Structures are given as structure tokens and as C-alpha cells.
Amino acid sequence: SRQANRITQKIQEHFHVKPDFPWKESSRNQSYGVFRHVPSQKWFALIMDIKKGQLDKDKNNEPIDVINLKIQPDQGTALHQITGIYPAYHMNHKNWISVALDESLADEKIMALLHTSYELTK
């Protein structure tokens, strides 16, 4: 999506890292990009495309780009009330969120969440 591309560019500019693709051999997950701290290699963000129904818990097969970000566990409930923020897909729901990259949240808000994730994963 356009927003996924913009956020990827902003991550590269602000954090000076490019995504790596640990599942490039897997045809299903080959486009999933992980952003890591240097040199610890700890993840602070993961951009992937999934089916919208995996977020909404329905049968919607429409593809959507999302970014998974680490959060303070006590902020999860409040964040899940914001349109475009979901319990993390395929990660611990208490410590991570999935943010839809479908323009439902402004880039600035996503970048603020990214900064938090970056700091929490140092």
C-alpha cells in the first residue's frame, strides 16, 4: 500500500535501518519485512500483508498491509479502541499491536507508535 511504502521510507530515514526478509524462501510470507536494532538484531517493527478478516475475526479475504509494534502492556486496551489499531496478528496481544496501513491512522501517529516500539525493544 502507499502508506506501507511511506512508513518504510520514514523508518529508513529516522532509524537508519532497512527491512530484512527472513521468510524470503516461504512463498506465503516472503514479503514480510522486519526492522531490527543494530547490532542486537531485536525486532521493533514488522510490516506484512494479511487478510483483513484476520484482524476483524471474520471471513473478509481482502488483503491489507499492517505493521506490528511493541507497546506498554497497560496501553493495549486504550489503543485497541482507536480505529485501525488491533491486537497483534500472530504475536503476543499484551505486548504488541497491529496497525492497519490503510490510511485509517495518520503517518505521524504511526511514527509516534514506532518510536515507542523502538525504545521498548532497545
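## Two helices and a five-stranded sheet

H1 makes a right-handed crossing as it passes H4. The two helices pack with their axes 11 Å apart, at an angle of about 45°. That angle makes H1 oblique to H4, because it falls in neither the parallel, the antiparallel nor the perpendicular range. If you want to find the contact on screen, look on the H1 side for Gln3, Arg6, Ile7, Lys10, Ile11, His14 and Phe15. On the H4 side, the contact is made by Asp107, Ile110, Met111, Leu114, His115 and Tyr118.

Before going further, keep in mind that this is a predicted model. Its pLDDT averages 93, and 96% of the residues score at least 70. Confidence is highest in helix H4 (residues 107-120), at 98, while the lowest value belongs to helix H2 (residues 53-56), at a mean of 91.

Now for the sheet. Five strands form an open sheet with antiparallel pairing, and reading across gives the order S1-S2-S3-S5-S4. Strand S1 (33-36) and strand S4 (85-87) sit at the edges with a single partner strand each, so one side of each has no neighbour in the sheet. Neighbouring strands are turned against each other by 25° on average, ignoring direction. Helix H1 (residues 2-15) packs on this sheet, where it touches S1, S2, S3 and S5, and its direction makes about 170° with that of S2. H4 lies across S2, S3, S4 and S5, and runs at about 45° to S3.

Strand S3 deserves a slower look, starting with its two partners. Strand S2 (residues 43-51) runs antiparallel to S3, and seven bridges join the two. One pair to pick out here is methionine 48, whose bridge partner in S3 is valine 66. S3 also pairs with strand S5 (residues 96-100), again in the antiparallel sense, over five bridges. Along that pairing, leucine 69 stands opposite isoleucine 97 of S5, and lysine 70 has tryptophan 96 as its bridge partner in S5. As a reminder of what such pairing involves, strands of a sheet pair through backbone hydrogen bonds, either parallel or antiparallel.

How buried is S3 (residues 63-70)? Six of its eight residues are buried, so the strand is largely enclosed by the rest of the structure. Recall that H1 touches S3 among other strands, and that H4 lies across S3 too.

The loops hold a few backbone details worth a click. Start with the loop between S1 and S2, which is where proline 39 is found. The peptide bond leading into this proline, from valine 38, is cis, with omega near 5°. Glutamine 41 is found in the loop between S1 and S2 as well. Glutamine 41 is not a glycine, yet its phi is positive, at about 70°. With a relative accessible area of 41%, this glutamine is partly exposed.

Over in the loop between S4 and S5 you'll find histidine 90. Histidine 90 is another residue other than glycine with a positive phi, in this case near 65°. Is histidine 90 buried or exposed? Its relative accessibility is 69%, so it counts as exposed, the cut-off being over 50%.

Methods
Residues are numbered from 1 along each chain as its sequence is written. This is a predicted model: local features need pLDDT of at least 70, side-chain atom pairs count only at pLDDT 80 or more; totals for chains, interfaces and linings use all residues. Side-chain values use heavy atoms; hydrogens and water are left out. Buried means under 20% relative accessible area, exposed over 50%, partly exposed in between (1.4 Å probe, protein chains only). Helices (H or I, at least four residues) and strands (E, at least two) are DSSP runs, numbered from the N terminus. Two strands pair if DSSP finds at least two bridges between them. pLDDT is the predictor's confidence in each residue, from 0 to 100. Axes are lines fitted to C-alpha atoms, for helices over the stretch in contact, and angles run from 0 to 180 degrees between N-to-C directions. Contact means heavy atoms within 4.5 Å. Angles under 35 degrees count as roughly parallel, over 145 as roughly antiparallel, 65 to 115 as roughly perpendicular and the rest as oblique. A crossing is left-handed if the near helix is turned anticlockwise from the far one by less than a right angle, and right-handed if clockwise.
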